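Hi,

Here's the structure I said I'd pass along. Have a look at it first, and then read on for what turned up.

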Amino acid sequence: MELSGNSFGEPMPTVLSQLNSLEQVFVEDSAITGGLDFMIGMPLIFQLWIDKNPSFGGTIPTEIGNLSTLASWSITENGFIGTIPTELGNLSNMQRLWMYGNNLNGEIPSELALMLKLEILRLEANDFTGIIPFQICSLRNDFLSDLALLGSVCGTDNSQCPCCDCCNIAECDVL
């Protein structure tokens, strides 16, 4: 389902979770509002990208960690706040995860390292604190993992990432 480039000005309809065969949703720059509650219970969702919708955000529901088919998820340049739920580590099929350009904070959960199929993890331009967990860095050297691009807030007094490829959106976008 491609809904990009519209001017909706409303939340994503919750009826989407009742579309049992829906596998892909793309909503970029469409002025949507609300949050991610519509995702809860999407049985076959494989790819969901909702980017550049500044009025779309809130906290990330822990129930998203139950979406076992989700492999590619992008929620960049929106209005997400709060911490990344540890339950996202349950997304065992996740390959590409982009969360940059929000207002997420706290420490990056080590449980994200449970995503052994992860190829891309982009977390830069948020308000994270602490050092990126060594478990995530170890995915770079694990023969079972293919983590090829890791971006996060790094090199500040509050947040560091010794194993990151890039530390800001512009730097990561050229890789």
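What radius of gyration does the chain have, and what would a compact globule with 175 residues have? A globule of that kind would come out near 16 Å and the chain has 15 Å, so the two agree. Before you go further, keep in mind that this is a predicted model.

**Overall picture**

The C-alpha trace spans about 40 × 30 × 25 Å along its principal axes. Of the 175 residues, 46% are buried. If you take the contacts between residues at least 6 apart in sequence, 51% of them join residues at least 24 apart. The accessible surface is about 8,000 Å², and carbon and sulfur atoms account for 50% of that.

The charges may catch your eye if you're setting up electrostatics: there are 5 positive and 21 negative side chains. The centres of those two sets sit 8 Å apart.

As for secondary structure, you'll find 12 strands and 2 helices. In sequence order the pattern reads β-β-β-β-β-β-β-β-β-β-α-β-β-α, so to speak a run of ten β entries comes ahead of the α.**The parallel sheet with strands 3, 5, 7 and 9**

These 4 strands make an open sheet in the order 3-5-7-9, with parallel pairing. Its edges are strand 3 (57–58) and strand 9 (127–128), each of which pairs on one side only. Strand 3 runs parallel to strand 5 (residues 79–82), and 2 bridges join them. To find that pairing in the viewer, look for G58, which stands opposite F80 in strand 5.

**Around strand 2**

Is strand 2 (residues 47–51) largely enclosed or largely open? It is largely enclosed by the rest of the structure, because 4 of its 5 residues are buried. Strand 1 (residues 24–28) runs parallel to strand 2, with 5 bridges between them. One residue pair to click on there is V25 with its bridge partner L48 in strand 2. Strand 2 also pairs with strand 4 (residues 72–74), again in the parallel sense, over 3 bridges. In that pairing W49 has S74 of strand 4 as its bridge partner.

**Two alanines with positive phi**

Most residues other than glycine have a negative phi, so a couple of backbone angles deserve a glance. A31 has a positive phi of about 55° although it is not a glycine. This residue lies in the loop between strand 1 and strand 2, and A31 counts as partly exposed at 41% relative accessibility.

A125 also has a positive phi, of about 60°, and is not a glycine either. Its place is the loop between strand 8 (120–122) and strand 9. With a relative accessible area of 34%, A125 is partly exposed.

**G130, S159 and S152**

G130 belongs to strand 10 (residues 130–131). At 25% relative accessibility, G130 counts as partly exposed. Leaving out residues up to four places away in sequence, G130 touches N158, S159 and Q160. I108 is 22 residues from G130 along the chain, and their C-alpha atoms are separated by 7.9 Å.

S159, one of those contacts of G130, lies in strand 12. Is S159 buried or exposed? The relative accessibility of S159 is 2%, so S159 counts as buried. Beyond the residues up to four places away, S159 touches F128, T129, G130, V153 and C154. S159 and I132 are 27 residues apart in sequence, but 7.7 Å apart in space, C-alpha to C-alpha.

S152 is in the loop between strand 11 (149–151) and strand 12 (159–160). S152 is buried as well, with a relative accessible area of 1%. Which residues is S152 in contact with, leaving aside its neighbours within four places in sequence? They are I108, L123, E124, I132, C161, C164, C166 and C167.

Cheers

Conventions:
Residues are numbered from 1 along each chain as its sequence is written. This is a predicted model: local features need pLDDT of at least 70, side-chain atom pairs count only at pLDDT 80 or more; totals for chains, interfaces and linings use all residues. Side-chain values use heavy atoms; hydrogens and water are left out. Two strands pair if DSSP finds at least two bridges between them. Buried means under 20% relative accessible area, exposed over 50%, partly exposed in between (1.4 Å probe, protein chains only). The radius of gyration is taken over C-alpha atoms; the globule rule is 2.2 Å times the number of residues to the power 0.38. Contact means heavy atoms within 4.5 Å. Accessible areas come from the Shrake-Rupley method with a 1.4 Å probe; for residues, only the protein chains shown count as cover. Lys and Arg count as positive and Asp and Glu as negative; His and the chain ends are not counted. The place of a charge is taken as NZ of Lys, CZ of Arg, CG of Asp or CD of Glu.
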